Structures are given as C-alpha cells and as structure tokens.
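Morning, everyone. I've got one structure to walk you through today, so let me put it up and we'll go round it together.

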Amino acid sequence: MSEINWDALRAAANSAMQKAYVPYSKFPVGAAALTEDGRVVSGCNVENASYGLTLCAECSLVSALAMGAADGAGPAKLVAFTCVDGHGNILMPCGRCRQLLFEHSAKGMILETVSGFKTIDEVIPDAFGPRDLEERA
Ligand code: THU
C-alpha cells in the first residue's frame, strides 16, 4: 500500500467531482482509481431527467477504464480506489458500484473508505464475479 499515492488519487477524485452533472440531487461525486500498470482513471456522476438512469461516478470510471485499454486487451485491473463527495470527504461506493469495481479489481485491491483502508473482499464479501461463471458453467 505504501507505493500508492493516496493524496494524488484523492486529488484526481476531487477534480473528477468538479465535472459531475447533478442537476437533480445536487450531490456531486468523484471517483479515482489506480491501475496495475500505473495509470489513474477517474469518473463523476452523471444524472438524468429519468432519475433512475443516473450513472454513478464509478460507472463513469469503469467506462473510462475500458476506453483506456488497447484494442482487444480488455480493461486493466484496479489496485487502489477512492471516492469523494462534494466537500471532498471520502464516500463509500454504493452496493451496485462495489460490484462494478469487483469485476475489474486486482487481487487485494485497496479502497479508501469511511472506516479506513479496506480490501475489495472486505467491502463486498463472497462477491459473485467472473470466476463463478467460469467454474459453474
Ligand atoms: N452516487 C455515486 O456517484 N456513487 C456512489 O457510489 C453513491 C451515489 C451518486 C448518484 C447520485 O447522482 C448521487 O450520488 C446521489 O445519490
């Protein structure tokens, strides 16, 4: 964990948060993650007049992750993640977003949470994921 620059990651989440499109909730969120190949990806929430279609900041981050991949390579795995609210305070990813992050997590991925640093397995225990599809096919 020592090699992870959490200040830089938080700064990336804060600048992503500035781009949030939140005319309905007025609750901007920014998320940032470090990939195993040393890149920072980020995202903001993007709301919709059809409220339920809102994209969380993590959705935007995962889309950016996919778009950053080389053709045919697939998204890089994530090793560290942080998320902030409109005041720059750490925010917990919602349940759906923990699942989104799990899909792209490197083993032992670390998240900065409201109760300290935690692994992906701690924030979404016994998660359903790609391996279940392979092993149970
Ligand atoms: N939100 C996120 O972007 N990520 C989360 O993990 C929690 C919630 C957004 C969705 C909505 O635009 C706003 O926060 C209020 O729920």
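I'll go through the ligand site, then a helix, then the charged pairs, and finish with a few single residues.

One thing before we start: what you're looking at is a predicted model.

Okay, the ligand. Which residues sit around it? The residues around the ligand are Ser25, Phe27, Val29, Asn45, Glu47, Thr54, Cys56, Ala57, Glu58, Met92, Pro93 and Cys94. Let me pick out some polar contacts. A backbone N or O atom of Ala57 is 2.8 Å from an oxygen atom of the ligand. Cys94 also brings in its backbone, with a polar atom 2.8 Å from a ligand oxygen. Glu58 uses its side chain instead: a polar atom there lies 2.9 Å from a nitrogen atom of the ligand. And how much of the ligand does the protein bury? On its own the ligand exposes 370 Å², and the protein buries 78% of that.

Now stay with Glu47, one of the residues around the ligand. You'll find Glu47 in the loop between β2 and α2. Here's the bit I'd like you to look at: Glu47 is buried, yet it has no salt bridge. The nearest side chain of opposite charge belongs to Lys26, and that is 7.5 Å away. For a salt bridge we'd want a side-chain nitrogen within 4 Å of a carboxyl oxygen, so Lys26 at 7.5 Å doesn't make one. What does the Glu47 side chain have beside it, then? A polar atom of that side chain lies 3.2 Å from the backbone nitrogen of Tyr24. Leaving out residues up to four places away in sequence, Glu47 touches Tyr21, Val22, Pro23, Tyr24, Ser25 and Thr54.

While I've mentioned Lys26, let's swing over there. Lys26 is in the loop between α1, residues 6-17, and β1. Lys26 counts as exposed because its relative accessibility is 62%. Its phi is near 55°, which is a positive value in a residue other than glycine.

There's another positive phi further along, at Asp126, near 50°, and again that's a residue other than glycine. Asp126 is in the loop between α4 and α5, with α5 covering 130-135. Its relative accessibility is 82%, so Asp126 counts as exposed.

Next, helix α2, which is residues 57-67. Which of its residues are buried? That would be Ala57, Glu58, Cys59, Leu61, Val62 and Leu65. You'll recognise Ala57 and Glu58 from the list around the ligand. And what do the buried residues of α2 pack against? They pack against strands β1 (30-35), β2 (40-44) and β3 (78-84), and against helix α3 (95-103).

Right, charges. How many salt bridges does the structure hold? There are 4, and I'll show you some of them. Start at Arg10, which meets Asp7 in a salt bridge, 3.0 Å from N to O. Those two are 3 residues apart in helix α1, so about one helical turn separates them. If you want the general picture, an α-helix has 3.6 residues a turn, so residues three or four places apart point the same way. Asp7 is exposed, with a relative accessible area of 53%, while Arg10 counts as partly exposed at 23%.

Arg10 also meets Glu112 in a salt bridge, at 2.9 Å from N to O. Glu112 is in strand β4, residues 105-113, and Arg10 is in helix α1, so this pair ties together parts that are 102 residues apart in sequence. Glu112 counts as buried, at 10% relative accessibility.

Then there's Asp37 with Arg39, where the closest N and O atoms are 3.4 Å apart. Asp37 is partly exposed at 48% relative accessibility, and Arg39 is partly exposed at 28%. Going back to the earlier pairs, salt bridges that share partners join Asp7, Arg10 and Glu112 into one network.

Last stop, Ile120. Ile120 is in helix α4, residues 120-123. Buried or exposed? Buried, because its relative accessibility is 3%. And what does it touch? Skipping residues up to four places away in sequence, Ile120 touches Arg98, Leu101, Phe102, Ser105, Met109 and Leu111.

That's my tour, so shout if you'd like to go back to any of it.

Terms used: Residues are numbered from 1 along each chain as its sequence is written. This is a predicted model: local features need pLDDT of at least 70, side-chain atom pairs count only at pLDDT 80 or more; totals for chains, interfaces and linings use all residues. Side-chain values use heavy atoms; hydrogens and water are left out. Buried means under 20% relative accessible area, exposed over 50%, partly exposed in between (1.4 Å probe, protein chains only). Helices (H or I, at least four residues) and strands (E, at least two) are DSSP runs, numbered from the N terminus. Contact means heavy atoms within 4.5 Å. Lys and Arg count as positive and Asp and Glu as negative; His and the chain ends are not counted. A polar contact is a pair of N or O atoms within 3.5 Å; within protein, one must be able to donate a hydrogen and the other to accept it, and residues adjacent in sequence count only if both atoms are side-chain atoms. A residue is near a molecule or strand if one of its heavy atoms lies within 4 Å of it. Accessible areas come from the Shrake-Rupley method with a 1.4 Å probe; for residues, only the protein chains shown count as cover.
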